[in-house]
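Q: Please take a close look at the open sheet in this model and at what surrounds it. Short sentences are fine.

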Amino acid sequence: MTEVRPTAAPSASLWERDEEVAVVTRAVDALCADRASSGSLLVFRGEAGLGKTALLAEARRIAEARGCTVWSARGGETLRSVPFNVVRQLLQPALVSMLPEEAREYLGDWYDIAGPALGIADPGPRQADPQGVCDGLVAAVRRLARREWPLVLLVDDVHWADQETLRWLAAFTERLAELPVLVVVARRPGDITGDGARHLEAVAATAHHPVTALSALTPDATAGLTRAALGADADAAFCREVWAVTGGNPYETVELLAKVQDSELAPVEAHACELRALNRTARGGGLVARLEQLGIDATRFAWAAAILGTGITVGMVARLATLDRADALRCAELLRTARILTEPDPAAAHASAHGDLEFVHPLIATAVYNSIPDALRRAMHGIAAQVVTDSGLGAAAASRHLLQVHPDDDQELVAQLREAAREHLAVGAPDAARRCLERALEEPPRPEAHARVLYELGCATLLTAPARTIGHLRSALGMPGLDGDQRVDAVFRLSQALLHNDQLEEAVRTVEAEAARQPEGPARMRLQAVQYMWEGIHAGEAASPGRSERLKALAATCTGRDNAERALLILRGFDAMTHGESAEEVAELCDRALVNGRLAPGLGWTDPDWGLELLMMLASAYVYTDRLDRAEALFTDALRAYETAGWSGGHLALAHAYVGLGHRRRGRLKEAEASLRESLRLAERVGRGLPLYWSATCNLVDTLLARGHIDEAWAVAEQYGFAPPYPSTIVLPDPRSVRGRLLLAVGRTKDGVNELEAAEKASAARGHHNPVMIPWAVELARALATDDPVRAARLASEARRSAERFGTDTAIGEALRCAAALETGQRAVRLAAQAATYLEASPCQYEHAAARVEYGIAARSAAELDRGLALARSCGADGLAARAEEALAAGTAVG
C-alpha cells in the first residue's frame, strides 16, 4: 500500500498512482533515449472521477520536463457527432502555426487529402474516400513526428471521441513501431458500442503495456488527502466517513472536501453525519440545485456553455443565453467561484479550441446538459446553430446542433442539413453526412425534394452500407422528383449497391427494367451498357440466351461518339475476349473506345458515372490479347489516380491487384508478388469475401506458383480462404483453374483434377473459351497424361484449336507447350521448339522461360537450358531456374 502523502501532494487524483506515474516516466525516457526508438502506447482506464485527466496532466509535466513536444486533445460527450473533432484538436495547433506553404511541404501529397479533414485546406470537388483520409492523417502525424521529436500525444476521454478520430487512432497506433511517438490515452470502461468499440479494441491491442485499470483511493489515502486539505487534526472517524461517502473517488473526494471548507465544517466525528448531504450537492440533482441557487442568469449561462460544449467563449455564450456582456462576465465569475466552470489550462493544446472557459469536470458538463428541459434544450441547439453559422464556421460545424432541433417542417433546416452533408462528404466523413440527411428526412422535406434527399442519402451510404443504400434509392425511385440524368444515375447507383451487396442478378434486373422505360437515346444506351457490364462480370452457371449476339449487334451501331457508345465497345471487346474470339478484333474494339489512345473525359478512374469495373474490363481485354503496354498504362494510371485522390480502400486494392496482374503476365514475378501483397493488405481492411479480395488472393497464389514457391502459395490459400464457394463475379485469372493447379502442385492430384473439371463445366456454361484467361484445358491435359492419355490428347488438341482461333502468340505457344508435354521423341522436340518460338514473340517472359527450359530438356541442349535459366532468373521464377540447373547438372545436355 502506498504510504500517506504529506500536505504538499500535488493532486488528489495522483494519490496512490506511483505505479502508473512510473510507467509513464519509463515510456517518456525510452522515447527520449533515441530518435530511432520505436513508439509506444499507454492506455489508462477508469470510471469517471478516478483521476484519468490528472494522470494525463502528470504525463504532460513529465514529458515537457524532458524537452518533449506534447499535443493533447479531449473527447466530449456532446461532440461525438463532430467528425475529426479530436484529431483536429491534436494537430491543428501545430499546423496552423506554420505558413500555408510550410504546411503543404510537410504534408506533401497528403495535403489535399488530409488538409480538409484537419480544417487547414479547402475540400476538393469530389467526395473524399474515408480510408484515404484516414491514411492521410496517419501520414501527417508520421511526418510531423520526425519534425517534432520527441513527440507525445495525449488523448483524454477517448471513449467520447468521434468515429473518424477513432478510426485514425486505430490505424496510427498499429504503425507505432515505425516511428518514435508516445501515445497516452485515457478512457472509461464501456460507454461505447459498434464501430467505435471495435476501433478502441484495436487501439488497446497495440498497447506496449497492459491496459491499466485505475482503482479508487484506499481509506488510508483518503484520510491523508482529507488531512492535507482540512488539517492534520481531522479525526479518524471523519476521514473514514469521507471515504465511505465518496467510495474513494478522487474527484468526489476533492469536491466534498471543498464543500467542507466552504461550509467551515469542523472535521470531527460529530459532523461526519453531514458529509453525505454535502456530497449530493457535487453531482446530479444536488449540483443542479446548487446551480439554481446562483440565479437564473447564471443557470442560463451554464446551460448555454453545456450546449456549446466546445469553443466556450463569453461572447458566444452571451448570445446563446441572451445576456449582455456585463451580465455574462458576472455569470462566468459566479460559475468559476462555484467550481462549475474554469479557465482552460493554457498548456493544453485543446484549450484554444475551448475558448475562454471549460467545465471543471465532464461529470459537471453532463449533469448541467441533462438538466436543461428537453424542449428548451432543442430550441437552444437551434439558436446555437445560428450562432455558429453567423460566426462563419459553415453548415458542417453547425450540424451537430441542427441534429438536435425538434422536427418542425422547416425547409431552411432541410437545406442546411443537406449542405452540411455535402461538406462532410467532401472531407471524408460519410457517417456524419448520413446523420444529417437522415435528420433532414425527419423534418420532413417538401414532396418535390424528398426523393432528392433520399438519393443523396443513398449516395452517402454507398461505400459504407450498401444494404441501407438499396432501401434509400428504391424509395427515392418510387417517388416523383427524380427525373432525367439524375434518375438514371440513381438507378446506376442502386445497381452498384446491389452488386456490392452480392445481389448481382437483382442489379441486372433493375437496370434492365429502367432501360425498357426509357426512350431511345443516350440515357437508355447508358443503362443498356450497365446491364451488359453487370452481366459480363457475373460468374453464374450460365449466360442469358443470346446475350453476346445482342451485345454484338448493339456495339456494331456504335462509333464511339459518346461515353455510352464507348462503354458498349469496351463491353463487346471484353465479351469477345472471354469467348476466345479473334484477339485482333478484340483489340480493335477496345481501341475504338479510346480517344487518341487515352480514356475519354468522364470515363476516368475516379469519374463516378461508370465505376471502375468497366475500365478493369478494358484493361483485362488488353492483358489477354498480349497488348500489355496498353494494359500496364491503364493500370498505372489507375494506381496514380487513386493515390492522388486519396482513395485507399477497395479501389486502390483493385488497382494494386491489376498492376500485379500486369507484372505477372509480363513475367516480372517479384514485382507482381510485391504489388499483390499490398493489394491483399488493403483488401483486408475492406473486408474478406468481396470480389477485390478474391482478385488479390487468386493472383498472389498464381504468382507464387509461377515462382515455384508452392508451400507459400498453399499457406496463402489456407490463410485467406482461397477455396470454394467462389464469388458471384468474375475473377481474373480464373480461380478454379488456379486452385486446380495449386492442388496438383501439392500432390492432391484427384482434388486438382476435380477442380479443373469444375472449371471446364463453368466456362462451358458461360461460353468462356479463352485458353489464356481460363487455362483449365492445358492444366487438365497435363494432369491426365499418364492415367487417361486419350482424353489428355483430345484436350490438348481442343486447346490448340481455341488458341489458334484467338490468335495470340501467348495462347498458341502455351497450347504447343502442352502438346509437347504429352509427346516423346522428336515430335516432342519439334513441338517444344515451336512453343519457344511463339512465346519468344509474346510479351509473357515467364512462359517464354518455361518453354525454353522445356525445349532444352527435350532437345538435351545445354545452350537452350542456359538461355532458359537466364530468363527464369530474370523473371524471379526460382522453381523453374532450379529445374534448369538440375537438368544441366545431370550432364545429359549437349552444346
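A: The sheet comes first, then the loops beside it, then the cysteines.

This is a predicted model: local features need pLDDT of at least 70, side-chain atom pairs count only at pLDDT 80 or more, and totals for chains, interfaces and linings use all residues. Residues are numbered from 1 along each chain as its sequence is written, and side-chain values use heavy atoms, with hydrogens and water left out.

The open sheet has five strands in the order E2-E3-E4-E1-E5, with parallel pairing. Helices (H or I, at least four residues) and strands (E, at least two) are DSSP runs, numbered from the N terminus. Two strands pair if DSSP finds at least two bridges between them. Strand E2 (69–74) and strand E5 (212–213) are the edges, each pairing on one side only. Strand E1 (residues 40–45) and E5 run parallel and are joined by two bridges. Phe44 has Thr212 in E5 as its bridge partner.

Helix H3 (residues 85–96) lies across E2 and strand E3 (151–156). H3 runs at about 150° to E2. Here axes are lines fitted to C-alpha atoms, for helices over the stretch in contact, and angles run from 0 to 180 degrees between N-to-C directions. Contact means heavy atoms within 4.5 Å.

Now the loops on either side of E3. Pro150 lies in the loop between helix H6 (130–148) and E3. The peptide bond from Trp149 to Pro150 is cis, with omega near -5°. Asp157 sits in the loop between E3 and helix H7 (163–174). Asp157 is buried (under 20% relative accessible area, 1.4 Å probe, protein chains only). Yet Asp157 has no salt bridge (a side-chain nitrogen of Lys or Arg within 4 Å of a carboxyl oxygen of Asp or Glu). The nearest side chain of opposite charge is Arg74, 4.3 Å away. Lys and Arg count as positive, Asp and Glu as negative; His and the chain ends are not counted. Leaving out residues up to four places away in sequence, Asp157 touches Lys52, Arg74, Gly75, Ala186 and Pro362.

Last, the cysteines. The disulfide count is zero, a disulfide being a pair of cysteine sulfur atoms within 2.5 Å. Cys68 is in no disulfide; the nearest cysteine sulfur, that of Cys32, is 3.4 Å away. Cys68 counts as buried, at 8% relative accessibility. The sulfur of Cys818 is 17 Å from the closest cysteine sulfur, in Cys844, too far for a bond. Cys818 also counts as buried, at 0% relative accessibility.

Notes: Buried < 20%, exposed > 50% of the residue type's maximum accessible area, 1.4 Å probe, protein only.
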